[in-house]
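Trainee: Could we go through this one together, one question at a time? I would like to practise reading a structure.

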Amino acid sequence: MARRTEEVAERIRSTSTQAVFGAFESEALIGITGVRREPLCQVNHKATIWGVFVNPSYRGRGIAQTLLSAATAHAAEEWDAIQLMLCVNAENLPAKRLYASYGFQTFGLEPRAMKVGDRFYDEEHMCKQLV
Ligand SMILES: CC(C)(COP(=O)(O)OP(=O)(O)OC[C@H]1O[C@@H](n2cnc3c(N)ncnc32)[C@H](O)[C@@H]1OP(=O)(O)O)[C@@H](O)C(=O)NCCC(=O)NCCS
């Protein structure tokens with residue numbers, strides 16, 4: 001189901017526990033990445049990367065890597081995060097290559113994490129230690 005514009009605006013709003021970074025050409029948004037921190041003190045050394053997307057016309061130019069760098073710097077400098085987490089569809093080879101080249105390592109596989117229509121997709125859980 002499609003989200004309404006107001007719902008999207010709320011979802012990408014930066015707060016004390018979430019930051020969203022955009023890549024722009026002129027005023028057009030061509031890439032986006034979010035990062036959120038865990039509020040509970042037992043887990044707030046971690047931050048989670050989400051919503052990584054680059055407009056297909058702009059892929060393969062390092063835009064996602066730049067967005068990941070911005071999200072990483074924010075998590076480390078503003079929140080003192082020492083570990084980044086993310087999940088990726090196990091069949092999403094470009095994304096897995098991007099994350100691996102950025103230093104993420106897979107530590108688990110969730111079988112049937114997503115169901116789209118009649119098809120299940122496994123999800124890889126990845127982490128990157130910053131210190
Ligand atoms: C996955 C995704 C975000 C990658 O975005 P991207 O901007 O193309 O990624 P980058 O350009 O930073 O890196 C991709 C490749 O370009 C290469 N690259 C980086 N800078 C480059 C440059 N200046 N010139 C040429 N290539 C470059 C990278 O080394 C990388 O190569 P590799 O795939 O052989 O390792 C993009 O394909 C996408 O939006 N996919 C759909 C959404 C999605 O799957 N998101 C992930 C959900 S978990």
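Trainee: How far does the backbone nitrogen of glutamate 91 lie from a polar atom of the side chain of asparagine 89?

Mentor: Let's begin with a rule: a polar contact is a pair of N or O atoms within 3.5 Å; within protein, one must be able to donate a hydrogen and the other to accept it, and residues adjacent in sequence count only if both atoms are side-chain atoms. Asparagine 89 belongs to strand 4; helices (H or I, at least four residues) and strands (E, at least two) are DSSP runs, numbered from the N terminus. From the side chain of asparagine 89, a polar atom reaches the backbone nitrogen of glutamate 91 at 2.8 Å.

Trainee: What kind of model is this?

Mentor: Residues are numbered from 1 along each chain as its sequence is written, and side-chain values use heavy atoms, with hydrogens and water left out. Local features need pLDDT of at least 70, side-chain atom pairs count only at pLDDT 80 or more, and totals for chains, interfaces and linings use all residues, as this is a predicted model.

Trainee: Leaving aside its neighbours within four places in sequence, which residues is asparagine 89 in contact with?

Mentor: Contact here means heavy atoms within 4.5 Å. Valine 35 shows how far apart two residues can be: its C-alpha atom and that of asparagine 89 are separated by 18 Å, and the two residues are 54 apart along the chain. With neighbours up to four places away set aside, the contacts of asparagine 89 are Lys96, Met114, Tyr121, Asp122 and Glu123.

Trainee: Lys96 has come up, so which side chain does lysine 96 meet in a salt bridge?

Mentor: Side chains of opposite charge can pair when their charged atoms come close. A salt bridge is a side-chain nitrogen of Lys or Arg within 4 Å of a carboxyl oxygen of Asp or Glu. For lysine 96, the N to O distance is 2.8 Å, and the other side chain is that of glutamate 124. The pair joins distant parts of the chain, 28 residues apart: lysine 96 sits in helix 3 (residues 93-101), and in strand 6 (residues 119-129) we find glutamate 124.

Trainee: Is glutamate 124 buried or exposed?

Mentor: Buried means under 20% relative accessible area, exposed over 50%, and partly exposed in between (1.4 Å probe, protein chains only). Lysine 96 has 19%, so lysine 96 is buried. Glutamate 124 has a relative accessible area of 13%, and therefore counts as buried.

Trainee: How many salt bridges are there by this rule?

Mentor: One of them joins arginine 13 to glutamate 10, with the closest N and O atoms 3.0 Å apart. Another pairs glutamate 7 with arginine 4 at 3.8 Å, and Arg4, Glu6 and Glu7 are linked in a network. Counting by the rule gives a total of five.

Trainee: Why are Ala95, Lys96, Leu98 and Tyr99 on the same side of helix 3?

Mentor: An α-helix has 3.6 residues a turn, so residues three or four places apart point the same way. Ala95, Lys96, Leu98 and Tyr99 are the buried residues named in helix 3. They are on the same side because the arc they cover around the axis (taken from the directions from the helix axis to the C-beta atoms) is only 160 degrees.

Trainee: Which residues on the other side of helix 3 are exposed?

Mentor: The buried residues of helix 3 have cover that includes strand 3 (46-54), helix 2 (63-79), strand 4 (83-89) and strand 6. On the other side, the exposed residues are Leu93, Pro94, Arg97 and Ser101.

Trainee: Which residue caps the N-terminal end of helix 3?

Mentor: Look for a side-chain oxygen 3.3 Å from the backbone nitrogen of alanine 95. The side chain that carries this oxygen, and so the cap, belongs to asparagine 92.

Trainee: How much of the ligand's accessible area does the protein cover?

Mentor: Around the ligand there are 17 residues, with Val52, Gly60, Gly62, Asn92 and Arg97 the closest; a residue is near a molecule or strand if one of its heavy atoms lies within 4 Å of it. A polar side-chain atom of asparagine 92 lies 2.7 Å from a ligand oxygen. On its own the ligand has 940 Å² of accessible area (Shrake-Rupley method, 1.4 Å probe; for residues, only the protein chains shown count as cover), and the share covered by the protein is 65%.

Trainee: What is the phi of aspartate 80?

Mentor: Most residues other than glycine have a negative phi, and most peptide bonds are trans. Aspartate 80 lies in the loop between helix 2 and strand 4, and is exposed at 60% relative accessibility. Although aspartate 80 is not a glycine, its phi is positive, at about 60 degrees.
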